[in-house]
Amino acid sequence: MKYRLMINGEEREVEVDSGTPLLWVLRDELGLTGTKYSCGVAQCGACTVHLDGKPVRSCVTPMRNLKKREVTTIEGVEGLVADAVRESWETIQVPQCGYCQSGQIMTAIALLESQSDPEDEEIDAALTGNICRCATYPRIRRAVHEAAAKVRS
């Protein structure tokens, strides 16, 4: 089946089965490999993308659910909040192995776009579904606070 999608602000056309997860369309059909595969059952958050601005797990999002919806991946996310999050991630040196970081960043951006000054508990709650095997959680929290401060200033 053919699908036309808005991905990172560009209309893209793919021909895949309706049950194909968005993750595989992004990675295999469109070459957008910044979104990572990890658990495959929406438990780790490595595959997080924005669907109409909200974070979703692309590994369990079938193509049939994407008509007329806008997908943003780590390659296409932009703006003041995204820039602040990326800069803070680099300044604080959040990543260790880096595998989960695109999902962490996408979730952090969504949080800061809905809550400009989150408390620790709000950060933990928003990011609880994003697992980091290197356990960089304290640095992730610091980076979210720093990014929030940059956005507010």
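In this tour a residue counts as buried when its relative accessible area is under 20%, as exposed when that value is over 50%, and as partly exposed in between. By that scale Ala42, with a relative accessibility of 25%, counts as partly exposed, and Ala42 is a fitting place to begin. The model on the screen is a predicted one, so please read each stop as a description of that prediction.

**Stop one: Ala42 and its loop**

Select Ala42, which you will find in the loop between H1 and E3. Its backbone deserves a look, for Ala42 has a positive phi of about 65° although it is not a glycine. As background, most residues other than glycine have a negative phi.

**Stop two: an aromatic pair**

Stay with that loop and add Tyr37, which lies in the loop between H1 and strand E3 (48-51), and then Trp24, which belongs to helix H1 (residues 22-29). The count for the model comes to 1 aromatic pair, and Trp24 and Tyr37 form that pair in a tilted arrangement, with 5.1 Å from centre to centre and 40° between the planes. The two residues are 13 residues apart, and their pairing links distant parts of the chain. Trp24 counts as partly exposed because its relative accessibility is 31%, and Tyr37 is likewise partly exposed, with a relative accessible area of 36%.

**Stop three: Thr73**

Move next to Thr73, in the loop between strand E5 (70-72) and H2. Is Thr73 buried or exposed? Thr73 is buried, since its relative accessible area is 0%. Show the side chains here, and you can follow a polar contact of 2.6 Å from the side chain of Thr73 to the side chain of Glu75. If residues up to four places away in sequence are set aside, Thr73 touches Ile7, Asn8, Leu26, Leu32, Thr35, Val49 and Met106.

**Stop four: helix H2**

Now select residues 80-91, which make up helix H2. This helix has 12 residues and reaches 16 Å from its first C-alpha to its last, close to the 16 Å expected at 1.5 Å a residue. Colour Val81, Ala82, Ala84, Val85, Ser88 and Trp89, which are the buried residues of H2. They sit on the same side of H2, because they cover an arc of only 165° around the axis. On the face turned away from that buried side, H2 carries the exposed residues Leu80, Glu90 and Thr91. What do the buried residues of H2 pack against? Their partners are helix H3 (101-114) and helix H5 (137-152).

Trp89 gives a closer view of this packing. Leaving aside neighbours within four places in sequence, Trp89 is in contact with Val94, Pro95, Gln101, Gln104, Ile105, Ala108, Ile140, Ala143 and Val144.

Just after H2, pause at Gln93, which is found in the loop between H2 and H3. Gln93 is a residue other than glycine, yet its phi is positive, near 55°. With 55% relative accessibility, Gln93 counts as exposed.

**Stop five: helix H3**

Continue to H3, which has 14 residues and reaches 20 Å from its first C-alpha to its last, close to the 20 Å expected at 1.5 Å a residue. This helix is mostly covered, for 12 of its 14 residues are buried; among them are Gln101, Gly103, Met106, Ile109 and Leu112. The buried residues of H3 pack against E3, strand E4 (54-57), E5, H2, H4 and H5.

**Stop six: two nonpolar cores**

With those helices still displayed, turn to the largest nonpolar core, which has 22 residues, and select Val85, Trp89, Ile109, Leu112 and Val144, the residues with the most contacts inside it. H2, H3, helix H4 (120-127) and H5 each supply at least two residues of this core, and the largest share, 6 residues, comes from H3. A second, separate core of 16 residues includes Val14, Leu22, Leu51 and Leu66.

**Last stop: Ala149 and Ser116**

Finish at Ala149, placed in helix H5, where a relative accessibility of 35% makes it count as partly exposed. Select Ser116 as well: how far apart are Ala149 and Ser116 in sequence and in space? They are 33 residues apart in sequence and 8.3 Å apart in space, taken from C-alpha to C-alpha.

Technical notes:
Residues numbered from 1 in each chain as written. Predicted model: local features only at pLDDT ≥ 70, side-chain atom pairs only at ≥ 80, totals over all residues. Heavy atoms only, no water. Helix = DSSP H or I, 4+ residues; strand = E, 2+ residues; numbered from the N terminus. Expected span 1.5 Å × (residues − 1). Buried < 20%, exposed > 50% of the residue type's maximum accessible area, 1.4 Å probe, protein only. Arc of directions from axis to C-beta. Contact = heavy atoms within 4.5 Å. Phe/Tyr/Trp six-rings, centres within 6.5 Å; stacked < 30°, edge-to-face > 60°. Polar contact = N/O pair within 3.5 Å; in protein donor to acceptor, adjacent residues only side chain to side chain. Core = buried A, V, L, I, M, F, W, Y, C linked by side-chain atoms within 4.5 Å.
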